[in-house]
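User: I would like to go through this model with you. Could you take me through its main features?

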Amino acid sequence: MTRNTGYVWHERYAWHDTGTYAGIVAPGPMVQPFHNFESPESKARFNSLVEVSGLIENLTKVPAQYATEEDILRVHTQRHVDFIKEQSEQQLGDAGDGWSPFGRGGFEVALLAAGGTIAATDAVLSGRVDNAYALVRPPGHHAERDLGMGYCIFANIPVAIEWARANHGVTRVAVVDYDVHHGNGTQHIYESDPDVLAISLHQELLFPQDSGRLDEVGIGEGVGKTINVPLQSGSGNGAYLAAFERVVVPALRAFRPELIMVASGFDASAVDPLGCMSVTASAYRSMATTLVEIAEEVSGGRVVFSHEGGYSPVYVPYCGLAVLEGMSGFETGVPDPYAMSFENSPAHSLKPWQDDVISASEVLARQLQLII
Ligand code: 3YP
Ligand code: ZN
């Protein structure tokens, strides 16, 4: 079965400049300059593979658009918007936390990233496509209402959700975040909102520090609508697929959202410089297929992926292609060239201690009467 999958990419995403860095830190007298891990490479090469593999012929190109200031202000404070504008005039500004450098004109690219996610959401909600992938940059899941963080300037997914609520009469939305880092921005923006279920799978206590614990379950009316699955470093396909089967799918089934948004980061991959997980393209494909199928069951198939992290220039393209193949049902026949190195690792079997974390998160969700 094939589906009509929308796809957003804009060359300007590759022009977002994160400066001369040494991975995540600034170069210094004894720190040789390099580039920032958050560089155009992994994303531009993902797009190249989508084109060269021929998959693009089976996708529907959705033009990116710029979010308006009004769109951004449904989520962020005027103070944050003004700060980003001001930083965007500098040679190398920062979104607020000191980890999020961006060059002149970064404000406009950030509007295009949020707007690209809006465009994908609009294409899905208006029925022009069945589901959609927005390959945007800069990412969004760390951005708080009043602060940019962890490479993120604006909260792309929340901006698209609030746009959908204002323009399509959508109310209940679920966010599934499989980026290796905790989706703190999404969590905090929606922690008191009972109509947004935010689920984040991440490497425990990686980034932000001391964030994304199991006991962060939401606040007030939002209690039970925040789910964190803080997996131990070293988790592979077995742990991710078990977390999907036992936590993500039952929670989505119980919540019955009208729309599912996916924070799609590939930094839990087996070769990522920022994560210590071991996920491979085949598991990313399964996660995408599962999300599309559960969307078909609960939200009329409406699911929108917005790109987040993932810093291996050579592997992200294959993980991303697998997700797009899973979403669309089209197979390019392009093999994962790294499968021989990564697929047979003992890291993929579900370990008892990984099972414990998943069980704890499952039990908690059940206690909160989310999973019936
Ligand atoms: C930003 C600075 C140090 C770690 C980092 C994480 C960014 C990311 O991929 N978030 O999803
Ligand atoms: Zn990440």
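Analyst: The following covers the metal site, the salt bridges, the surface patches and the backbone. This is a predicted model, in which local features need pLDDT of at least 70 and side-chain atom pairs count only at pLDDT 80 or more, while totals for chains, interfaces and linings use all residues. Residues are numbered from 1 along each chain as its sequence is written, chains are lettered from A and ligands numbered from 1 in the order in which they are written, and side-chain values use heavy atoms, with hydrogens and water left out.

User: Which protein donors does the zinc ion (ligand 2) have?

Analyst: They are Asp-179 (OD), listed twice, His-181 (ND1) and Asp-267 (OD), at 2.0 to 2.7 Å from the ion. Donors are N, O and S atoms within 2.8 Å of the metal (3.2 Å for Na, K and Ca); water is not among the atoms, so sites may look incomplete.

User: What spacing do these donors follow along the chain?

Analyst: The spacing is D-x1-H-x85-D. His-181 lies in the loop between β8 (173–177) and α6 (184–190), and Asp-267 in the loop between β11 (259–264) and α8 (281–298), so the pair ties together parts that are 86 residues apart in sequence. Helices (H or I, at least four residues) and strands (E, at least two) are DSSP runs, numbered from the N terminus.

User: Are His-181 and Asp-267 buried or exposed?

Analyst: His-181 is buried because its relative accessibility is 8%, and Asp-267 is buried at 0%. Buried means under 20% relative accessible area, exposed over 50%, and partly exposed in between (1.4 Å probe, protein chains only).

User: Turning to charges, how many salt bridges are there?

Analyst: There are 18 salt bridges, each defined as a side-chain nitrogen of Lys or Arg within 4 Å of a carboxyl oxygen of Asp or Glu. One of them pairs Glu-296 with Arg-3, with 2.6 Å between the closest N and O atoms. Glu-296 is in helix α8 and Arg-3 in the segment before β1 (5–8), so this pair ties together parts that are 293 residues apart in sequence. Arg-3 is buried at 11%, whereas Glu-296 is partly exposed at 34%.

User: Which residues are linked in a network of salt bridges?

Analyst: The network links Arg-246, Asp-355, Glu-362 and Arg-366. Within it, the side chains of Glu-362 and Arg-246 meet at 3.1 Å, N to O. Glu-362 lies in helix α11 (residues 352–367) and Arg-246 in helix α7 (residues 237–255), so the pair ties together parts that are 116 residues apart in sequence. Glu-362 is buried, with a relative accessible area of 15%.

User: And which residues make the nonpolar surface patch?

Analyst: Ile-24, Val-25, Val-31 and Trp-99 make a patch of about 300 Å². Patches consist of residues with over 30% relative accessible area and no salt bridge, like charges being joined within 9 Å and nonpolar side chains (Val, Leu, Ile, Met, Phe, Trp, Tyr) within 5 Å. Accessible areas come from the Shrake-Rupley method with a 1.4 Å probe; for residues, only the protein chains shown count as cover. Val-31 is in the loop between β2 (20–21) and β3 (34–35) and is partly exposed at 31%.

User: Finally, the backbone: where are the cis peptide bonds?

Analyst: One joins Arg-137 and Pro-138, with omega about 0°, and another joins Phe-207 and Pro-208, with omega about -10°. Pro-138 lies in the loop between β7 (131–134) and α5 (156–168). Tyr-151, also found in the loop between β7 and α5, has a positive phi of about 75° although it is not a glycine.
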